[in-house]
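Here is a quick tour of a model, starting at the ligand and working outwards. Have the viewer open and follow along.

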Amino acid sequence: MFIVLLGPPGAGKGTQAKRIAEATGLLHISTGDMFRENVKQQTELGKLAETYMSKGALVPDEVTINMLLDRIGRSDAAHGAMFDGFPRNVTQAVALDDALAGRDARIDHALLISVADEELIARLGGRWICRNCGALYHERNDPPAKPGVCDKCGGELYQREDDRPEVVRQRLELQKPPAALIEHYRTAGVLTEIDGQRPLDEVTNALLEAIR
Ligand code: AMP
C-alpha cells in the first residue's frame, strides 16, 4: 500500500505519519527529514537544500524528485510506504505516479489534513523536536513531561530554524498544497479529507479508518 499525506506545514503530517507507521508497520518516508539529515551531515545535497529551507521555500523539484526516487528504489520500500511532505505539487505527484506505475503499483490513498491558518501559525511556533530520535512535541498540544527533554529517549529538544515566525509565514504562503495537487488525487478517486483541528487521537483514528 502506498499513501501520501497532504496538508500545510503544521497540519500534523509528521506526527500522524509516525503514529500510522507504528499502528500499521508502513514505512514512513519524509522528504523534510531526509533534507534535515543531509543538512546536519553537511552533504552537498544538504548545503543546497539549506539555502531554500532557511527561506521557507521549496527545494527545486529535480533535486527533490531524484532524492525520493532513489529512496523508494530501496528494498524496504518494495511493497509500500507512506509519504509525508511529498509530493508538494503536481510535477512531483506525476513523477511519483510514474515511478509506481513502473512497478505495477499506485497511490492507494491521499489523505489531506486540513487546518485553519491561525491555528497553523500557533502550532508551528510551539513545536519541539528531539535531536536524538526525532520525536515531535508541542508546547500546548502535546508537551513532554519535562520541558526540553524527550520522553522517549531523554534526548535534547530543539526548535526548527524554519519554525521562526518570519519563516513560518513564508512557508504557509509558499507551501500550502496547491489546488491542482488536491484535484490530482480527487480525480484519481483516492482523496480523503480529514479535519486536522480535532484532538490528536481523533485525527489518528480518522486517518486509520480511511486506509482500512
Ligand atoms: P517539512 O519537514 O515537510 O516541513 O519540510 C521542511 C523543508 O524541506 C520544506 O520547507 C522545504 O524547504 C523542504 N522540502 C520538504 N519536502 C519537500 C518537497 N517535496 N519539495 C520541495 N521541498 C521540500
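## Around the ligand

Start with Gln92: one of its polar side-chain atoms sits 2.9 Å from a nitrogen atom of the ligand. (A polar contact here is a pair of N or O atoms within 3.5 Å; within protein, one must be able to donate a hydrogen and the other to accept it, and residues adjacent in sequence count only if both atoms are side-chain atoms.) Two arginines deal with oxygen atoms of the ligand: Arg36 has a polar side-chain atom 2.9 Å from one, and Arg88 has a polar side-chain atom 3.2 Å from one. Taken alone, the ligand would expose 480 Å², and the protein buries 97% of that (areas by the Shrake-Rupley method with a 1.4 Å probe; for residues, only the protein chains shown count as cover).

The shell around the ligand holds 16 residues, and the closest are Thr31, Arg36, Ala57, Gly85 and Gln175; to count, a residue needs a heavy atom within 4 Å. Helix 2 (31-41) and helix 7 (165-175) are the elements that give two or more residues to this shell, and helix 2 gives the most, with four. Helices (H or I, at least four residues) and strands (E, at least two) are DSSP runs, numbered from the N terminus. By character, the shell splits into six nonpolar, six polar and four charged residues. In that split, Ala, Val, Leu, Ile, Met, Phe, Trp, Tyr, Cys and Pro are nonpolar, Asp, Glu, Lys and Arg are charged, and the others, Gly among them, are polar.

## What to keep in mind

This is a predicted model: local features need pLDDT of at least 70 and side-chain atom pairs count only at pLDDT 80 or more, while totals for chains, interfaces and linings use all residues. Residues are numbered from 1 along each chain as its sequence is written, and side-chain values use heavy atoms, with hydrogens and water left out.

## The parallel sheet

Five strands make an open sheet in the order 2-3-1-4-8, with parallel pairing; two strands pair if DSSP finds at least two bridges between them. Strand 2 (28-30) and strand 8 (191-195) are at the edges with a single partner strand each, so one side of each has no neighbour in the sheet. On average, neighbouring strands are turned by 20° against each other, direction ignored (axes are lines fitted to C-alpha atoms).

Over at the strand 8 edge, strand 4 (residues 109-114) pairs with strand 8 in the parallel sense over five bridges. There, Ser114 stands opposite Asp195 of strand 8.

## The antiparallel sheet

Another open sheet has three strands in the order 6-5-7, and its pairing is antiparallel. Strand 6 (136-138) and strand 7 (157-158) are its edge strands, each pairing on one side only. Strand 5 (residues 127-130) joins strand 7 over two bridges, with Cys130 opposite Leu157.

## A long-range salt bridge

The model has 14 salt bridges, counting a side-chain nitrogen of Lys or Arg within 4 Å of a carboxyl oxygen of Asp or Glu. One of them links Arg19 and Asp201 (2.9 Å, N to O). Arg19 lies in helix 1 (residues 13-24) and Asp201 in helix 9 (residues 200-211), so this pair ties together parts that are 182 residues apart in sequence.

## Backbone oddities

Check the peptide bond from Phe86 to Pro87: it's cis, with omega near -5°. Pro87 is in the loop between strand 3 (81-84) and helix 5 (90-101). Gln42, in the loop between helix 2 and helix 3 (44-53), has a phi near 50°, a positive value in a residue other than glycine.

Key: Axes are lines fitted to C-alpha atoms, for helices over the stretch in contact, and angles run from 0 to 180 degrees between N-to-C directions.
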